[in-house]
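Biologist: Please take one part of this model and look at it closely, then work outward to the parts that adjoin it in your account. I would like the strands treated before the loops.

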Amino acid sequence: MDTVILFPRVIIGFARLGKDALIMFCQNVIAMMTGNVSYTTPSPTLAVVQTALDLLTTTTQEAMTGDRLKISARRAARRSLLSLMRQLAAYVQGHCNDDLTTLLSSGFQASRRPSSATFPVAPANPRVTAGPTSGTVYLRHQKSANAYNYTVQTATSATGPFTEYALSATTRTLIEGLTPGSTVYIRAQANGAKGSSDWSSVVSRMVM
C-alpha cells in the first residue's frame with residue numbers, strides 16, 4: 001500500500017474553492033508571504049494581489065442583491081484573482097528550492113500523492129493558439145505520464161530568458177497580459193512526485 005506524504009510541489013486546488021473560502025485562502029497567503037524572507041520579490045506583487053482580492057470581496061457583497069451585472073462583475077473579479085494566484089503559485093514553486101517547509105511558509109498547499117519511482121515525461125506536442133481576447137493565447141500539449149501539474153514559462157525570444165508564468169493543473173493554459181503584435185515564446189515542464197521533467201520544445205505565436 002502506498003504511503004501518502006507531502007511533496008514540495010504547489011497545488012492549485014484553490015481554484016475550486018467557493019467564494020468565501022477563496023477569499024480566506026488568499027488573505028492567508030498574503031499574510032504569510034508578507035515579510036517572508038524566502039519570497040522577497042513576489043510576482044505579481046502582493047499589493048496587486050491584495051487589490052484584486054479587495055475587488056472580489058466588494059463585488060461579492062454587491063452581487064448578493066442578485067443583480068445580473070453585479071454577478072457578472074463578481075465572476076470577472078474571481079477570474080482575475082485566480083489568474084494572479086496561479087502566477088504567484090508559480091513564483092513560489094520557483095523560489096521554494098524544492099523545500100517543503102519553505103513552500104508551506106507561503107500559505108500555499110503542497111501536493112499529497114503516493115510515492116512513485118518514475119519521473120514525469122516532458123509535455124509532448126506543445127502548440128499555441130489564439131486566446132479568447134486580444135493579448136491572450138492558449139498553450140496546449142499532451143498529458144504527461146506521472147505528472148500532476150505543469151510549469152509554464154514565457155519569453156520574448158526563442159532562446160529566452162524565460163520567466164515563469166503559472167502552474168497549470170491541466171494541459172490547456174490561458175496566457176494573458178501579452179502585447180498585441182508581439183511574438184510570445186512558450187515552453188512547459190511536467191511536475192511529479194519524483195521531480196520535474198525536461199522542458200518541452202519551445203513554441204511561438206504572434207499575439208493578436
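Modeller: What follows is a close look at strand β5 and its partners, and then at the sheet, pocket, helix and loops of the same model. The model is predicted, and the values below are computed from it.

Strand β5 covers residues 149–155. Seven of its seven residues are buried, so the strand is largely enclosed by the rest of the structure. The cut-off behind that word is a relative accessible area under 20%. The side chains of β5 divide into two sets: Asn149, Thr151, Gln153 and Ala155 point one way, while Tyr150, Val152 and Thr154 point the other way. Both sets are buried.

Two strands pair with β5. With β8 (residues 183–192), β5 runs antiparallel, and seven bridges join them. One example is Thr154, whose bridge partner in β8 is Ile186. With β6 (residues 163–168), the pairing is again in the antiparallel sense, over five bridges. Here Val152 has Ala166 in β6 as its bridge partner.

Gln189 belongs to β8. The residue is buried, since its relative accessible area is 14%. Its C-alpha atom is separated by 9.6 Å from that of Leu167, and the two residues are 22 residues apart along the chain.

The loop that links β5 to β6 contains Pro161. The peptide bond between Gly160 and Pro161 is cis, and omega is about 10°. On the other side of β5, the loop between β4 and β5 holds Ser144. Ser144 is buried, with a relative accessible area of 4%. Its side chain makes a contact with the backbone oxygen of Val121 at 2.8 Å.

Strand β4 leads to another group of strands. Three strands, in the order β3-β4-β7, form an open sheet with antiparallel pairing. Its edges are β3 (127–130) and β7 (172–175), each of which pairs on one side only. From one strand to the next the twist averages 25°. Between β4 (residues 137–140) and β7 there are four bridges, and these two strands run antiparallel. Arg140 is matched with Arg172 in β7 as its bridge partner.

Next is the pocket. Which residues lie nearest the centre of the largest pocket? They are Ile12, Arg86, Ser168, Ala169 and Thr170, out of 26 residues that line it. The volume of this pocket is about 610 Å³. Several elements contribute to the lining: α3, β2 (110–114), β6 and β7 each supply at least two residues. The list thus includes β6, a partner of β5, and β7, an edge strand of the open sheet.

Helix α3, one of the elements that supply the lining, spans residues 68–95. At 1.5 Å a residue, its 28 residues should span 40 Å, and the end C-alpha atoms are 41 Å apart, which agrees. An α-helix has 3.6 residues a turn, so residues three or four places apart point the same way. At the start of α3, a side-chain oxygen of Asp67 comes to within 2.9 Å of the backbone nitrogen of Leu69.

Past the other end of α3 comes Asn97, which follows the helix and sits in the loop between α3 and α4 (100–104). Asn97 is not a glycine, yet its phi is positive, at about 55°. With a relative accessibility of 68%, Asn97 counts as exposed, because the cut-off for that class is over 50%. Asp98 lies in the loop between α3 and α4 as well. Asp98 also has a positive phi, near 55°, in a residue other than glycine. Its relative accessibility of 47% makes Asp98 partly exposed.

One further loop deserves a note on its backbone. Pro44 is placed in the loop between α1 (19–33) and α2 (46–62). The peptide bond from Ser43 to Pro44 is cis, with omega near 0°.

To return to the starting point, β5 is a buried strand that is joined to β8 by seven bridges and to β6 by five.

How values were computed:
Residues numbered from 1 in each chain as written. Predicted model: local features only at pLDDT ≥ 70, side-chain atom pairs only at ≥ 80, totals over all residues. Heavy atoms only, no water. Pairing = 2+ DSSP bridges. Axes fitted to C-alpha atoms, helices over the stretch in contact; angles between N-to-C directions. Expected span 1.5 Å × (residues − 1). Polar contact = N/O pair within 3.5 Å; in protein donor to acceptor, adjacent residues only side chain to side chain. Buried < 20%, exposed > 50% of the residue type's maximum accessible area, 1.4 Å probe, protein only. 1 Å grid on protein atoms, 1.4 Å probe; cavity = no way out; pocket = protein on both sides within 12 Å on 5 of 7 lines; lining within 4 Å. Points joined across faces, edges and corners; volume = space filled by probe spheres on them.
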